[in-house]
Amino acid sequence: MTLPDHVPVAALGEYPTPLQELKRLSSRLGGARLWVKRDDLTGLAFGGSKTRSLGTLFGRALADGADTVITCGPTTSNHVRLTAAAASRLGLNVVLVLRRPSGAPVPLQGNMLLNHVLGARLVYADVDSLAELEPAMERVARELKDQGAKPFIIPGGGYSPVGALGYVGLVQELVQQSEDAGIGIDAMVFASGSGCIQSGLLLGGMVSGARLPVIGLTINRSVAELRPRILHDVEAAARLIGLDATLAEEEVRVLDDYIGAGYAIPSDAGMAAIDLLARTEGLLLDPCYTGKSMAGAMDLAVRHFKPGQNIVFIHTGGTPGVFSYAEQLAGARADDA
Ligand SMILES: Cc1ncc(COP(=O)(O)O)c(C=O)c1O
């Protein structure tokens with residue numbers, strides 16, 4: 001089953017993204033075989049999984065007749081950068097509401113540099129939590145409506161039932177690719193933040209009839225906070241496509257063991273994973289999302305899974321983040337020399 005015709009999807013990415021075996025890494029680590037699903041290669045503005053949720057969200061925005069999209073996030077957000085790129089691709093205006101703690105300078109690097117290059121209108125909000133950005137987006141939407149525009153709000157991270165629908169295709173690609181490779185998938189492992197990707201992967205498992213184990217490694221929220229969000233979103237997304245979904249709580253597998261000191265703060269294990277993957281596989285990861293989650297995937301492969309089993313690490317993107325951590329990454333290399 002694919003998404004029903006009444007779900008509009010904007011064409012933003014190049015699919016399927018490749019599935020590659022990490023042979024040199026696996027033989028070095030032992031444990032389960034590791035594979036990588038290259039969603040960093042979705043094709044839009046440095047890529048990333050968020051291209052998929054933006055496909056269904058922009059599909060909805062265009063169907064609603066919107067001429068402007070508004071979204072929000074931290075200045076490190078890949079979802080925000082890809083929203084700006086998608087708006088350019090589809091000829092819509094875009095406003096990005098970004099959290100900037102009072103007066104803090106915003107270095108022009110990584111995703112923030114790209115937000116400027118992509119020509120987005122930037123609105124900074126001096127708030128403590130990301131949740132407080134939602135009212136700021138509502139304010140921008142009211143102003144735009146008063147000026148005669150037709151704004152469409154995309155929640156932070158794309159977290160919404162419509163956004164989750166975008167990941168059904170990823171699971172369908174993986175089912176086909178694992179058949180082609182002649183392997184069974186014992187787990188999909190990836191960085192989980194707002195819960196949008198994880199909700200979509202769980203939904204994709206239901207839609208494709210292959211309930212593959214989905215293990216989200218959080219990069220900011222605790223298990224207690226993230227799990228109910230995902231349960232809620234999967235069920236709401238399923239209703240949108242007429243699927244009667246009931247998900248047992250234990251199917252929402254979330255681990256918060258790999259966050260380190262906090263969101264966007266590099267961890268030792270994450271930095272070591274970045275170096276290891278770069279040097280054994282030529283694969284680039286970032287300190288905020290994929291470095292930490294790859295550290296978790298490797299740990300699970302060795303300690304919780306057995307040789308002969310297959311773990312697919314979903315490279316959710318975030319490549320521009322590499323350039324925001326130049327000092328720490330160069331330092332790690334110097335230590336190794
Ligand atoms: C590279 C990357 N990986 C993973 C995530 C987490 O995705 P989600 O917010 O859908 O849980 C994000 C979120 O922005 C991301 O940018």
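Here is a walk through the structure above, from its two domains to a central helix and a few backbone oddities.

A word on ground rules comes first. This is a predicted model, so local features are described only where pLDDT is at least 70 and side-chain atom pairs count only at pLDDT 80 or more, while totals for chains, interfaces and linings use all residues. Residues are numbered from 1 along each chain as its sequence is written.

Start with the big division. The chain splits into domain 1 (19-48 + 161-336) and domain 2 (50-158), with bounds that come from an automatic or database domain assignment. Taken over C-alpha atoms, the centres of the two domains are 24 Å apart. Where they meet, domain 1 puts in 24 residues and domain 2 puts in 24 residues; being in contact here means that two C-beta atoms, placed from the backbone, lie within 7 Å. On the domain 1 side, H6, H7 and H8 each supply at least two residues, and H6 gives the most, with three. Those labels follow DSSP runs, numbered from the N terminus: helices are H or I with at least four residues, strands are E with at least two. Sorted by class, that side of domain 1 has eleven nonpolar, 13 polar and no charged residues. For this sorting, Ala, Val, Leu, Ile, Met, Phe, Trp, Tyr, Cys and Pro are nonpolar, Asp, Glu, Lys and Arg are charged, and the others, Gly among them, are polar.

Now for H8, which turns up again and again. It covers residues 196-208, and its 13 residues reach 18 Å from first C-alpha to last, close to the 18 Å expected at 1.5 Å a residue (the expected span is 1.5 Å times one less than the number of residues). Twelve of the 13 residues in H8 are buried. A residue is called buried if 20 or more other C-beta atoms lie within 10 Å of its own, exposed if 12 or fewer, and partly exposed in between, with C-beta atoms placed from the backbone. Among the buried residues of H8 are Cys196, Leu203, Met206 and Val207. The cover over them includes helices H2 (50-63), H6 (161-165), H7 (168-181) and H9 (223-240), along with strands E7 (187-192) and E8 (214-218). Just past the end of H8, Gly209 takes a positive phi of about 75 degrees.

What does H8 touch further along the chain? One partner is Leu243, in the loop between H9 and strand E9 (253-255). Leaving aside neighbours within four places in sequence, Leu243 is in contact with Met206, Val207 and Ala238. Leu243 and Met206 are 37 residues apart in sequence, yet 8.8 Å apart in space, C-alpha to C-alpha. Leu243 counts as partly exposed because it has 15 C-beta neighbours inside 10 Å.

H8 also feeds the largest nonpolar core, which has 96 residues, with Met188, Val189, Leu203, Ile311 and Phe313 making the most contacts inside it. Such a core is a set of buried Ala, Val, Leu, Ile, Met, Phe, Trp, Tyr and Cys residues joined through C-beta atoms within 7 Å. The largest share of this core, seven residues, comes from H8. Both domain 1 and domain 2 give residues to the core, so it lies between them. Not counting residues up to four places away in sequence, Phe313 touches Leu34, Trp35, Val36, Val189, Phe190, Met294 and Ala297.

Next comes the ligand. Of the 19 residues around it, Gly193, Ser194, Cys196, Thr316 and Gly318 come nearest; a residue is near if its C-beta atom, placed from the backbone, lies within 6 Å. H8 gives the largest share of this shell too, three residues. Each of the two domains contributes at least three residues to the shell, which divides into four nonpolar, 14 polar and one charged.

Last, some backbone surprises. Most residues other than glycine have a negative phi, and most peptide bonds are trans. Ala45 goes the other way with a positive phi of about 40 degrees, and Phe46 has one of about 75 degrees. Ala45 sits in the loop between strand E2 (33-37) and H2, and counts as buried because it has 21 C-beta neighbours inside 10 Å. Phe46 is found in the loop between E2 and H2, and its 20 C-beta neighbours inside 10 Å make it buried. The peptide bond from Tyr15 to Pro16 is cis, with omega near 0 degrees, and Pro16 is in the segment before strand E1 (19-21).
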